[in-house]
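Please load the structure in your viewer and keep the selection panel at hand. The tour below proceeds from one selection to the next.

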Amino acid sequence: MKNLLLTGLITIAGQYPALAQQSPPDTVPLSVDLQEIVISVKTGINPDRQAKPSAPVEEYLQTSEKVGMIKRGNYAWEPSINSMTTERISVTIEGMKIFHACTDRMDPVTSYVETVNLSKVSLGSGFEANPNASNNIGGSLDLRLNKTGFCNDGLDLNARTGYESNGGLWVGGADVSYAGPRFYINSGLFRRHSGNYSAGGKEEIPFSQFTKNNFFTNLGYVVANGKAIEGTLIYDRASDVGYPALAMDVATAEGLISSLSCTVENPLPLFYKWENKVYYNNIIHIMDDTKRPDVVMHMDMPGKSRTSGAYSTLNGQNGKHRYSFNWDVYYNQSYAEMTMYSNNPDEIPMFMLTWPDVRTLNTGLFAVDEYRFDDRHSVRLSAKTSFQRDGLQSDFGLNTLQAYYPGMAQYKNRITGNIAGRYQFKRNAWETTVCAGYGTRAPSVSEAYGFYLFNTFDAYDYLGNPHLRQESAVETSLSSGWKKLPLEVRAEASYFYFTNYIIGRPRADLSHMTPGASGVKVYENFPHASILNASLLLKYWFLEYFSWNGRITYARGQDDRNGNLPLIAPVSYDASLTFRNGKFSAEAGIAGAARQKHFSPAYGEDETRSYRIAGLSAGYGFKINRVIFNLKAGVENLFDTYYSTYASWRNIPRKGRNVFINLGINF
């Protein structure tokens, strides 16, 4: 352990864009506000300041020690916050609720946005979440879109292209914008295409290819002084997506996301902004096993998720108080089915509703007030309460589940909510924050109504339980930091104690349906569970052009029997050394993790070995006439290390050596 910690503090890591966002003290695009991590620049996440400008959204999210990425393949990684995954976190786009349409979570919300269309990614830790977050305990992500805004920038055109040697990944696209004092529009098209990637040692990973196209448009119009309407349209389509860690691939994953909002400045006394938005999104996901060899039983598995909603937010300030009030509502339909075809043509296909047309209506009220006593002391209090009605629209699905739960009601009403408080103290270079919160969440669609969902991680079929009690948790966190150029140090820890923790447990009296499955697990409420997260961050700027960044994180999760919870990271570390001088920049470093000792065999985990990977990158910007060029090149996993991590689904190995080159052009 001593050598590990020493390595983590001394070594340098530049292979991830997430680690490459350090820059000179006056232009640091990664700002840290303790409980909230915001990645932003004035006009968006500037790809030209990243080590790899072509990186997808998921790689940018890894900047925070609170965010992890679960990888089932080469595409659409599932985010986790504070060691909690989809069921316990909220992911929104501009405050819009969007839900995945795949029972295997192959299509997280983050997969439907490109970095060229982002202005910032706001991460709320625990119950310190955004106003439109619902049903979350671990935290929230809100992806804010890159809207040109009302200004006099005029016409702007950008083009980007990139290539990566591992998998032959090609990325390219262009975006155009026009901004005036009363009207703006920005629109773009981006494409990614990759073949199978190779792990360390040149081992090809089959079924890891993908193709993705993303189109977006944002526009706004000032209808009167202080009043504006804005609209957003995103269309994203991924096809021929391989998932080597799963039993099936994806034929298409398609998302249509739209919204219309109205903003009023100074609408009422004591309030400086009022935003109202309506939105609709339609996600369609079609799984495919036709390209897999030796399929025991062919299955068709389409799924869809449709959500319509609205919210209204009032922001105000009066004296030392800064406050916000929010009302939101959404209605979601989640539907997934499976048809299994026997290899024997005389046998009749078997049909199941795996998400039996689940309907969810949720509406909530949120309020927050931050009071600053003086320049040193401040207190922030927030609360949200929500009413949720969920159940089964399908009579066939209801009758099927009633065979396991006689007398279950078709619909169920629930009240959820949370309350949180934060005290912050600042003095000179010191900043300390203490937080506490309590909240509840309703079971997810799969947890309450899922019907024989096969989990390749532990090889069990999962059955939902409509009689689950709501899960609740108490959160406490402490953060303390010291920042005085050229040095910054920050330590942080959070602890979550759950009651009625929801997780699957084997049922010996039930027979599995998936060929080769180990059995059936039914979602149950555990009496209690706990998750601890801790991190240490160190930054240092020196010799005018250099910056150094090091980070170590630790997490531990246990259930009521002192067993290990799944997908909890071991001790991990990364660090980076960055050089910037004018138009030239260079980065180098390593990242790694210790051996995973606290794994969970009951949930399909085994021990993952320690690993260490290195990377290099460099960039140069130049101008020819009025055209600006930015060239970036580098290598990831420099020594072609073969490795997998705790978040590698079924130990799928990560990418081996990868050489990349990117070119950005601004006209």
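How many residues lie between β9 and β10 in the hairpin that they form? In this predicted model, four residues separate the two strands, and Gly 167 in the turn has a positive phi of about 90°.

**The two arms of the hairpin.** Select residues 154-164 for strand β9 and residues 169-179 for strand β10. The strands run antiparallel and are joined by 11 bridges. To inspect one of the pairings, display Thr 161 together with Gly 172, its bridge partner in β10.

**The other partner of β9.** Add residues 658-666, which constitute strand β34. Seven bridges connect β34 with β9, again in the antiparallel sense. Here, Asn 158 has Asn 666 of β34 as its bridge partner.

**The nonpolar patch.** Next, switch to a surface representation and select Leu 155, Leu 157, Val 176, Tyr 178, Phe 183, Leu 219, Tyr 221, Val 223, Ile 229, Leu 260, Val 278 and Phe 667. Together these residues make a nonpolar surface patch of about 1100 Å². Two or more residues come from each of β9, β10 and β14, the last of which spans 210-224. The greatest contribution is that of β14, with three residues.

**A closer view of Tyr 178.** Finally, centre the view on Tyr 178, which is located in strand β10 and belongs to the nonpolar patch. Why does Tyr 178 count as partly exposed? Its relative accessibility is 39%, and the partly exposed class lies between the buried limit of 20% and the exposed limit of 50%.

Methods:
Residues numbered from 1 in each chain as written. Predicted model: local features only at pLDDT ≥ 70, side-chain atom pairs only at ≥ 80, totals over all residues. Heavy atoms only, no water. Pairing = 2+ DSSP bridges. Patch = residues over 30% accessible without salt bridge, like charges linked within 9 Å, V, L, I, M, F, W, Y side chains within 5 Å. Areas by Shrake-Rupley, 256 points an atom, 1.4 Å probe, with all protein chains shown as cover. Salt bridge = Lys/Arg side-chain N within 4 Å of Asp/Glu carboxyl O. Buried < 20%, exposed > 50% of the residue type's maximum accessible area, 1.4 Å probe, protein only.
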